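Have a look at the model below and turn it around a few times. Then we can walk through it together.

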Amino acid sequence: SAIWASPPPSAPRASMVALISRLGACVPVYDFHTARKYAELLLNAQIILCACGALSWAFGGVASLTFGFALLAHVGLEVAKPRLLKMYTVSQFALLLWDVIWLSLWARRIDRGADGIFANAHYHGTPRFLLGMQVLLFLSRPLVIMLWCKMWDLGFGAADAANPYGQMEDAMPAPPPAAPPAGGAGYAGGGDGYKPYGVPDGNPSLGQGGGAYVPPAAAQQ
């Protein structure tokens, strides 16, 4: 009834869903399994970059933040929880903004090494290594966002989960063509197999059809 009907989505949520649909349309992938495969590859790449960036003795908190969200995405994919997957998708927009803020504040200072924290030149290379990893994460973030928006637009595989045999049914070969109608040219099916048209029932050469079968010995007598 109208009392129990779900309320319409709010304007911010509707705008977010429309944005996700537009971003997902930019990805030329049309099934969830292919999109998930690419998403897992990007997640593994993010984890490797974060692990390498965490080796820095300073400024490594930003890499740990991305590392935690990447693990959340892996857990969401394994347990197939759309709520976790949507949470990760939305978090990527915030992480993209966080990358811009962090790089604008620290990229130039780390590259120059002019702060007092870099007084010892022997330890200047490690934060620079973190800066390189963070730049790679920032460059991969738009692709990650569009790919996860595509998976959101595909329902995170909800249709495949409802029908796990759908792909098997699509891959089954087409049934053989029906037999030609009676009276046409060709062969007709019978109880004993195929036989040409115009030939009496049975095979006269085998003594079938055309009358009773008489053995050769009885015919000579």
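What follows is a short tour, helix by helix and then into the core. Keep in mind as you look that this is a predicted model.

Let's begin with helix α3, which runs over residues 61-79. Is its length what you'd expect for a helix? What we can compare is the expected span and the end-to-end distance: at 1.5 Å a residue, the 19 residues of α3 should span 27 Å, and the C-alpha atoms at its ends are indeed 27 Å apart, so the two agree.

Now look at which parts of α3 are tucked away. Its buried residues are V62, A63, T66, A70, A73, H74, G76 and L77. Around the helix axis these residues cover an arc of only 160 degrees, which means they sit on the same side of α3. On the other side of α3 you'll find G61 and E78, and both are exposed.

One of those buried residues, H74, is worth a stop. Leaving aside residues up to four places away in sequence, H74 touches L43, N44 and I47. With N44 there's a polar contact between the two side chains, at 3.1 Å. So where does this partner sit? N44 belongs to helix α2, residues 32-53. Is N44 buried or exposed? Somewhere in between: N44 has a relative accessible area of 37%, so it counts as partly exposed. You can also trace from N44 to F67, which is 23 residues away along the chain; their C-alpha atoms are separated by 10.0 Å.

Move on past the end of α3 and you come to A80, in the loop between α3 and α4. A80 has a positive phi, near 55 degrees, even though A80 isn't a glycine. Most residues other than glycine have a negative phi. A80 is also exposed, because its relative accessibility is 53% and the cut-off for exposed is over 50%.

Next up is helix α4, residues 82-112. Its 31 residues should span 45 Å at 1.5 Å a residue, and its end C-alpha atoms are 44 Å apart, which agrees. Follow α4 along and you'll see a bend of about 40 degrees at W106. The buried residues of α4 include L85, Y88, T89, W102 and L103. Just after the helix, G113 takes a positive phi of about 65 degrees.

Time to look inside. In soluble globular proteins, nonpolar side chains tend to be buried together. Here the largest nonpolar core has 22 residues, and L43, Y88, L147, W148, M151 and F156 are the ones with the most contacts inside it. Helices α2, α3, α4 and α5 (125-153) each supply at least two residues of this core. Which helix gives the largest share? That's α5, with 7 residues. Apart from this core lies another one, of 14 residues, with A63, L103, M133 and L137 among them.

We'll finish with F156, from the largest core. F156 lies in the loop between α5 and α6 (158-162). With a relative accessible area of 9%, F156 is buried. Not counting residues up to four places away in sequence, F156 touches F32, P82, L85, K86, T89, W148 and M151. Like A80, F156 has a positive phi near 55 degrees without being a glycine. But A80 is exposed, while F156 is buried.

Methods. Residues are numbered from 1 along each chain as its sequence is written. This is a predicted model: local features need pLDDT of at least 70, side-chain atom pairs count only at pLDDT 80 or more; totals for chains, interfaces and linings use all residues. Side-chain values use heavy atoms; hydrogens and water are left out. Helices (H or I, at least four residues) and strands (E, at least two) are DSSP runs, numbered from the N terminus. A polar contact is a pair of N or O atoms within 3.5 Å; within protein, one must be able to donate a hydrogen and the other to accept it, and residues adjacent in sequence count only if both atoms are side-chain atoms. Contact means heavy atoms within 4.5 Å. The expected span of a helix is 1.5 Å times one less than its number of residues. Buried means under 20% relative accessible area, exposed over 50%, partly exposed in between (1.4 Å probe, protein chains only). The arc is that of the directions from the helix axis to the C-beta atoms. The bend at a residue is the angle between axes fitted to the seven residues ending there and the seven starting there. A nonpolar core is a set of buried Ala, Val, Leu, Ile, Met, Phe, Trp, Tyr and Cys residues joined through side-chain atoms within 4.5 Å.
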